[in-house]
Amino acid sequence: MVKERTKEFDAEAISHHYDLSNEFYEQFLCENMLYTCAYYRTPDGDLAQAQRDKMDLVCRKLRLSPGEDYLDIGCGWGSLAIWAAKHYGVNATAVTLSREQAKWGQEWARREGVEGRCEIHHMDYRDFPESRTFDKISAIGIIEHVGIANYMSYFTSVRNRLRDGGLFLNHGITTNKFWKPTSQNEFLLRNVFPNGEMDNISHIQDVMELARWEILDVENLRLHYARTCKHWYDKFEGNAAKIKELVGERTYRIYRVWLVCSSNAFFCNSLGLYQVLAQKYEQEYRFDPPTHREDIYKAFLDQDA
């Protein structure tokens, strides 16, 4: 079991994992420094392209449009926020509990020339003022760190920061209903993710609906994450000497085991990865034109033409 969930504990847990050094993560992530599930449009696709396609998939599901205000919670190195500002013309705001990530992202936004439309903050999303609201919000790989007992306050907090009719995309790792703790989980909690806690997709959606979200779309990307972890592992092993130099033999071995176990867990269906797209409605009566998935995926086909 994880410890009592406080802001201080969560900050320490995130720092424990993500503040090892940016150079360490460069050794096995792609050029865009994305540390979440990629989206492989072809079975033999490479990691960098799959991560770019994942960012496009998220932006298209959120139907991002120029001039919209967009918030990315738990932004990592700011990759998605910078991508959205640069390619979709939004005013992006992003928050992370990792000081190293925030610093990296701020410098990257300046290099990409979007610093005027992309703010990256080192802060807890719970401290972000509710008086500032957004048209669209994403949380990519965050729910694993929220804590099941905190789901209602989490989904309510996100909803309070979204304007009426706005879209929210929650992307996170899940377990199945028959999951039971193992020595592997205890190892990961102790050495990798001290505040990690996962749940099944059915319960996550139950809480979202109780928090007054309308669920529009649910997509399972489990096998995409299995391949992502395999790509990370291959690059990790290829840079083993440099990684040991940066973080030492013990951390190298811990992450090596973690990447192998994670890839296998996704392949074997003991872990899942779901994207849930939801909408906030406040008005009693409202009509919007019906939407469908076709335009989301057609954009990829147009891109290839």
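Modeller: Contact, or touching, means that heavy atoms lie within 4.5 Å. This is a predicted model, where local features need pLDDT of at least 70 and side-chain atom pairs pLDDT 80 or more, while totals for chains, interfaces and linings use all residues. Residues are numbered from 1 along each chain as its sequence is written, and side-chain values use heavy atoms, without hydrogens or water.

Colleague: What is the mean pLDDT of the protein chain?

Modeller: pLDDT is the predictor's confidence in each residue, from 0 to 100. Here 90% of the residues reach 70 or more. The chain's mean is 89.

Colleague: Over which residues is the pLDDT below 50?

Modeller: Where pLDDT is low, predicted coordinates should not be read in detail. One such stretch still has 16 contacts in the model, beyond near neighbours in sequence. Its pLDDT is below 50 over residues 13–17.

Colleague: Which side chain of opposite charge is nearest to R60?

Modeller: R60 lies in helix α3, residues 47–61; helices (H or I, at least four residues) and strands (E, at least two) are DSSP runs numbered from the N terminus. R60 is buried, meaning under 20% relative accessible area, with exposed over 50% and partly exposed in between (1.4 Å probe, protein chains only). It has no salt bridge, a term for a side-chain nitrogen of Lys or Arg within 4 Å of a carboxyl oxygen of Asp or Glu. Lys and Arg count as positive, Asp and Glu as negative, and His and the chain ends are not counted; the nearest opposite charge, 4.1 Å away, is on D56.

Colleague: With which side chain does R60 make a polar contact?

Modeller: A polar contact is a pair of N or O atoms within 3.5 Å; within protein, one must be able to donate a hydrogen and the other to accept it, and residues adjacent in sequence count only if both atoms are side-chain atoms. Leaving out residues up to four places away in sequence, R60 touches Y88, I296, A299, F300 and Q303. The polar partner, at 3.4 Å, is Y88.

Colleague: What distance joins the side chains of Q275 and K61 in a polar contact?

Modeller: Q275 sits in strand β7. It is buried, at a relative accessible area of 1%. Beyond four places in sequence, its contacts include L57, V58, K61 and D217. The polar contact between the side chains of Q275 and K61 is 2.7 Å.

Colleague: Which residues touch the most other members of the largest nonpolar core?

Modeller: A nonpolar core is a set of buried Ala, Val, Leu, Ile, Met, Phe, Trp, Tyr and Cys residues joined through side-chain atoms within 4.5 Å. The largest one has 69 residues. Touching the most other members are Y25, Y35 and W232.

Colleague: Which helix gives this core its largest share?

Modeller: The share is ten residues. They come from a helix spanning residues 240–267. That helix is α10.

Colleague: How many residues does the other core have?

Modeller: It lies apart from the largest core. Among its members are Y125, V158, L162 and W213. V158 is also one of the buried residues of helix α6. The core's count is 25.

Colleague: How many residues apart in sequence are the parts that E68 and K136 tie together?

Modeller: E68 and K136 form a salt bridge, with the closest N and O atoms 3.1 Å apart. E68 lies in the loop between α3 and β1 and K136 in strand β4, so the pair ties together separate parts of the sequence. Both E68 and K136 are buried. The gap in sequence is 68 residues.

Colleague: In which strand is E119, the partner of R132?

Modeller: The side chains of R132 and E119 meet in a salt bridge of 3.3 Å, N to O. R132 is in the loop between β3 and β4, 13 residues away from E119. R132 is partly exposed at 32%, and E119 is partly exposed at 33%. E119 lies in strand β3.

Colleague: How many salt bridges does the structure hold?

Modeller: One of them joins R163 and D135, at 3.1 Å. There is also a network linking R159, R212, K280 and E282. The structure's total is 21.

Colleague: Is M33 buried or exposed?

Modeller: M33 is in the loop between α2 and α3. Its phi is near 55 degrees, a positive value in a residue other than glycine. Its relative accessible area is 3%, so M33 is buried.
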